[in-house]
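Colleague: Please put the model up, and then I will go through it with questions.

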Amino acid sequence: MNDEIFTHYRDAGILAAKILRDGARDIRVGGSYLELVETVESRVMDEGADLAFPLNVSLNEDAAHDTASTGDERVFANGDVVKLDLGVQIDGYIADTATTVDLGDNPLLVEASREALEAAIKKVRPGVTAGELGVAIQHEIESRGFHPVANLTGHGLDQYIIHQAPTIPNVGITGGAVIKEGMVFAIEPFASTGSGRVGERTRVEIYSQIGIKPVRIPSARQLLEKVRSRRGLPFARRWMQNKKMDLAIAGLVRSQVLWGYPVLSDIAGCRVSQHEHTLIVTEDGCIVTTR
Ligand code: CO
């Protein structure tokens with residue numbers, strides 16, 4: 001990795017860490033969900049950086065991939081467990097980081113994903129396997145009486161790419177990717193009071209472009225024009241600011257030009273916590289960019 005790329009990762013990380021901390025501090029019972037999302041996202045732009053994906057704010061049994069819709073009227077409620085997952089990019093180099101705000105009484109659940117993340121980070125160095133990181137994550141979460149979410153994983157990062165090898169499991173597996181110097185990846189343990197598996201809801205607010213096809217419908221062309229600058233990174237339906245775009249989006253999903261990311265949730269009524277950092281593997285350990 002050259003110095004310029006390292007600097008982009010580092011600067012994106014410092015910025016993401018600060019904006020995530022501030023965003024977490026802004027969450028309170030009765031506060032507007034939409035206002036929080038818009039405030040956090042605009043802070044990223046105001047700093048001259050860009051979003052790697054829409055701010056994910058997922059409540060309670062929802063583990064990931066929820067964000068505000070246009071005119072979203074939700075407010076944070078007493079008892080909510082709120083996951084904030086922020087992606088900042090500079091020239092496509094991504095810092096992906098998440099934290100949990102507990103508006104109820106779930107300190108151990110929050111501690112479980114936080115300590116799982118720290119335990120995994122301590123193990124990162126060249127030669128260790130992704131499976132060994134999963135063992136550490138699973139141990140921290142299960143020893144506190146919760147389930148790690150087995151079908152969500154950490155993931156490698158590259159310029160304009162959010163998900164690539166290595167996959168970092170949240171449960172112990174034998175083997176898995178061998179960690180090498182220079183790798184960049186995010187580790188993101190989820191701890192759940194539910195089943196430890198997520199399924200897809202019907203709600204979809206986040207999309208990315210996965211294909212190129214000739215498109216004739218004007219609204220669809222207009223939408224793809226807007227999406228082009230994302231270079232494959234996810235965007236929010238809300239960013240399109242035009243209800244007419246809903247039909248265009250549906251058509252583009254059907255023709256496999258766009259991909260939708262449904263909200264992912266564990267069983268109804270349970271609570272899920274999450275913590276995430278992005279790191280760069282060094283000769284003898286790693287540098288966490290998002291502290
Ligand atoms: Co991530």
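Colleague: In which element is the place of Pro166, and what is the peptide bond from Ala165 to Pro166?
Modeller: This is a predicted model. Pro166 has its place in strand 7. Omega for the bond from Ala165 to Pro166 is near 0°, and that peptide bond is cis.

Colleague: Which residue of the loop between strand 6 and strand 7 is found there with a positive phi?
Modeller: The residue found in the loop between strand 6 and strand 7 is not a glycine, although its phi is positive at about 60°. Its relative accessible area is 16% and buried means under 20%, so the residue is buried. The residue is Tyr160.

Colleague: Is His65 buried, partly exposed or exposed?
Modeller: His65 lies in the loop between strand 2 (62-64) and strand 3 (81-90). Phi of His65 is near 75°, a positive value in a residue other than glycine. The relative accessible area of His65 is 22%, and the partly exposed class lies between 20% and 50%, so His65 is partly exposed.

Colleague: What is the volume of the largest pocket, and which residues are the closest to its centre?
Modeller: The volume of the largest pocket is about 710 Å³. Of the 36 residues that line this pocket, the closest to its centre are His65, Ile162, His163, Pro234 and Tyr261.

Colleague: Which elements give two or more residues to the lining of the largest pocket, and how does that lining divide into nonpolar, polar and charged?
Modeller: Two or more residues of the lining come from each of strand 1 (50-59), strand 6 (154-158), strand 7 (161-168), strand 10 (199-209) and strand 12 (258-265). By residue class, the lining of the largest pocket divides into 16 nonpolar, 14 polar and six charged.

Colleague: How many cavities of 30 Å³ or more does the count come to, and which residues line the largest cavity?
Modeller: The count comes to one cavity of 30 Å³ or more, and about 30 Å³ of space lies in the largest cavity. Its lining holds no nonpolar, two polar and three charged residues. The lining residues are Thr70, Arg237, Asn242, Lys243 and Asp246.

Colleague: Which residues coordinate the cobalt ion, and what is the site called by its angles?
Modeller: The cobalt ion is coordinated by Asp96 (OD), His155 (NE2), Glu188 (OE) and Glu276 (OE), at 2.1 to 2.4 Å. The angles among the four donor atoms run from 81 to 171°. Tetrahedral would need all angles between 85 and 135 degrees. The site of the cobalt ion is irregular.

Colleague: How many residues apart are Asp96 and Glu188?
Modeller: The donor residues of the cobalt ion are spaced D-x58-H-x32-E-x87-E in sequence. Asp96 is in strand 4 (residues 93-102), and Glu188 is in the loop between strand 8 (184-187) and strand 9 (190-192), so that the pair links distant parts of the chain. Asp96 and Glu188 are both buried. In sequence they are 92 residues apart.

Colleague: Why do the buried residues of helix 6 line one face of the helix?
Modeller: The buried residues of helix 6 (residues 245-254) are Met245, Ala248, Ile249 and Leu252. Seen down the axis of helix 6, these residues line one face because they fall within an arc of 100°.

Colleague: Which exposed residues does the face of helix 6 turned away from its buried side carry?
Modeller: Exposed means over 50% relative accessible area. On the face turned away from the buried side of helix 6, the exposed residues are Leu247 and Arg254.

Notes. Residues are numbered from 1 along each chain as its sequence is written. This is a predicted model: local features need pLDDT of at least 70, side-chain atom pairs count only at pLDDT 80 or more; totals for chains, interfaces and linings use all residues. Side-chain values use heavy atoms; hydrogens and water are left out. On a 1 Å grid over the protein atoms alone, a cavity is a set of points where a 1.4 Å probe fits but cannot get out, and a pocket is an open set with protein on both sides within 12 Å along at least five of seven lines; lining residues have an atom within 4 Å of a point. Grid points are joined across faces, edges and corners, and a volume is the space filled by probe spheres set on the points. Ala, Val, Leu, Ile, Met, Phe, Trp, Tyr, Cys and Pro count as nonpolar, Asp, Glu, Lys and Arg as charged, and the others, Gly among them, as polar. Donors are N, O and S atoms within 2.8 Å of the metal (3.2 Å for Na, K and Ca); water is not among the atoms, so sites may look incomplete. Four donors count as tetrahedral if all angles lie between 85 and 135 degrees; four count as square planar and six as octahedral if opposite donors are over 155 degrees apart and all others between 65 and 115; anything else is irregular. Helices (H or I, at least four residues) and strands (E, at least two) are DSSP runs, numbered from the N terminus. Buried means under 20% relative accessible area, exposed over 50%, partly exposed in between (1.4 Å probe, protein chains only). The arc is that of the directions from the helix axis to the C-beta atoms.
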